[in-house]
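Colleague: Could you take a close look at the empty space in this one for me? I'd like the pockets and any enclosed cavity, plus whatever around them deserves a second glance.

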Amino acid sequence: MAARLIDGKALALHVRERLATESAAVLAKTGMKPGLATILVGDDPASHLYVKSKQKACDAAGIYIDDHKLPASTTQTELLALIEKENLDPRIHGILVQLPLPKHIDSKVVLEAVSPNKDADGFHPYNFGRLVEGHPVFEACTPKGVIKMIESTGVSIEGKRAVVLGRSNIVGKPLALMLLQRHATVTICHSKTKDLPAVCREAELLLVAIGKAKFVTADMVREGAIVIDVGTNKTPEGKLCGDVDFEPVSQKASWISPVPGGVGPMTIAMLLDNTVESAKRAAGML
Ligand code: NAP
């Protein structure tokens with residue numbers, strides 16, 4: 001493999017260590033740890049696993065957890081009442097509503113009910129709008145993690161040709177805006193993009209979030225590019241794999257992130273980062 005590895009697991013560990021120190025400073029100043037409310041509705045085993053790993057990471061970073069596991073029969077009104085309670089609780093600085101929600105609940109209504117001041121996931125339209133303006137407060141965790149991963153290489157984003165594959169509201173669009181804010185020249189691609197391989201080959205920074213196993217092949221990658229793989233897919237054998245065909249692409253890239261052990265751990269670390277940042281803001285420490 002020619003490319004150097006962007007080790008998301010190791011980077012996330014560094015972030016958690018820094019946050020543990022910052023949480024201790026918040027506790028010393030206010031008498032309260034930074035607090036995250038986690039809300040999970042229903043029995044989806046993957047969602048239970050995600051929330052558990054987020055809570056474990058919070059523990060390691062000195063963050064207080066207010067854990068809510070609600071039955072699938074929970075009504076939207078009940079869920080909104082719980083969110084309002086957490087919005088008003090001074091011990092809570094971030095609120096995580098684990099997606100997907102059961103079909104009878106409107107996710108958009110629920111996510112907009114979270115106070116923009118406690119929007120640790122960065123999904124609220126107010127925070128999205130702040131990002132569009134170029135004055136972000138809470139930034140969505142996955143794209144924020146991707147930016148930290150690029151920065152960890154020591155390569156400057158400014159002036160680079162960046163291609164973002166995928167235009168979802170939680171990854172592609174906010175990531176493109178974050179790159180733009182850092183002065184990259186950004187192209188966003190999607191399922192209707194014409195001659196996608198040619199566009200990808202222009203990229204010095206290739207950021208991939210489409211949800212198609214091993215979609216990006218070596219012929220789509222410019223020599224020396226930094227390639228970050230957000231995708232999480234299952235191979236026919238049931239193994240986790242990304243959107244990038246890792247081995248051949250790593251022969252052309254200068255830096256590459258793996259799946260697993262890449263963007264996933266950094267996404268969780270950024271949820272903690274947003275929570276601690278929110279607690280510091282509330283305590284007048286920023
Ligand atoms: P999404 O909402 O399904 O969006 C996928 C995007 O990819 C869409 O914009 C779609 O284009 C585009 N796309 C699909 N097929 C394409 C193709 N053949 N050529 C070009 N573009 C194509 O997905 P998402 O929520 O952004 O997630 C993307 C991947 O990242 C998934 O594998 C997800 O599991 C993973 N993910 C990982 C993390 C993490 O923490 N590791 C976090 C979030 C997401 P259209 O808009 O035209 O349909």
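Modeller: Here is a walk through the open pockets, then the enclosed space, then a few backbone details. Keep in mind that this is a predicted model, so every value below is computed from predicted coordinates.

Let's set the frame with the domains. The chain splits into domain 1, residues 31–117, and domain 2, residues 141–263. Taken over C-alpha atoms, their centres are 29 Å apart.

Now the main item. The largest pocket holds about 1300 Å³ of space. It has 39 lining residues, and if you want to centre your view, go to Tyr50, Thr142, Thr232, Gly264 and Thr267, which are the closest to its centre. Which elements give two or more residues to that lining? They are α2 (45–60), β4 (94–97), α6 (141–151), β9 (233–234) and α10 (263–282). Of these, α10 gives the most, with six residues. Both domains take part too: at least three lining residues come from domain 1, and at least three from domain 2. As for chemistry, the lining of the largest pocket breaks down into 22 nonpolar, 12 polar and five charged residues.

Since α10 is the top contributor there, its partner helix is worth a look. α1, residues 8–30, runs alongside: the axes of α1 and α10 come within 9 Å and cross at roughly 15 degrees. An angle under 35 degrees counts as roughly parallel, so α1 and α10 are roughly parallel to each other. The crossing of α1 past α10 is left-handed.

On to the second largest pocket, with a volume of about 300 Å³. Its lining has 16 residues, and Leu111, Phe123, Pro125, Phe128 and Asn169 are the ones nearest its centre. Two helices, α4 (107–113) and α5 (125–133), each supply at least two lining residues. The biggest share comes from α5, which gives four residues. By class, the lining of this second pocket has 10 nonpolar, three polar and three charged residues. Where does the second largest pocket lie? Both domain 1 and domain 2 give residues to its lining, so the second largest pocket lies between them.

What about enclosed space? Searching the whole structure for cavities of 30 Å³ or more turns up one. The largest cavity holds about 50 Å³. Its lining consists of Ile95, Leu96, Val97, Leu111, Val114, Asp119, Asp121 and Phe123. Here β4 gives the most, with three residues. The class count for the cavity lining is six nonpolar, no polar and two charged; Asp119 and Asp121 are among the lining residues.

Some names come round again, which helps tie the picture together. Leu111 and Phe123 line the cavity, and Leu111 and Phe123 are also among the residues nearest the centre of the second largest pocket. β4 leads the cavity lining, and β4 is also one of the elements that give two or more residues to the largest pocket.

Finally, the backbone. Most residues other than glycine have a negative phi, and most peptide bonds are trans. Against that background, this model has a few spots to check. Leu99 and Pro100 are joined by a cis peptide bond, with omega at about 0 degrees. Pro100 sits in the loop between β4 and α4, so to speak of neighbours again, β4 gives the most to the cavity lining and α4 supplies at least two residues to the second largest pocket. The bond from Val259 to Pro260 is cis as well, with omega near 0 degrees. Pro260 is placed in the loop between β11 (255–256) and α10.

Two residues other than glycine have a positive phi. For His183, phi is near 70 degrees, and His183 is found in the loop between α7 (172–181) and β6 (185–189). For Asp195, phi is near 45 degrees, and Asp195 is in the loop between β6 and α8 (196–201).

Methods
Residues are numbered from 1 along each chain as its sequence is written. This is a predicted model: local features need pLDDT of at least 70, side-chain atom pairs count only at pLDDT 80 or more; totals for chains, interfaces and linings use all residues. Side-chain values use heavy atoms; hydrogens and water are left out. On a 1 Å grid over the protein atoms alone, a cavity is a set of points where a 1.4 Å probe fits but cannot get out, and a pocket is an open set with protein on both sides within 12 Å along at least five of seven lines; lining residues have an atom within 4 Å of a point. Grid points are joined across faces, edges and corners, and a volume is the space filled by probe spheres set on the points. Ala, Val, Leu, Ile, Met, Phe, Trp, Tyr, Cys and Pro count as nonpolar, Asp, Glu, Lys and Arg as charged, and the others, Gly among them, as polar. Domain bounds come from an automatic or database domain assignment. Axes are lines fitted to C-alpha atoms, for helices over the stretch in contact, and angles run from 0 to 180 degrees between N-to-C directions. Angles under 35 degrees count as roughly parallel, over 145 as roughly antiparallel, 65 to 115 as roughly perpendicular and the rest as oblique. A crossing is left-handed if the near helix is turned anticlockwise from the far one by less than a right angle, and right-handed if clockwise.
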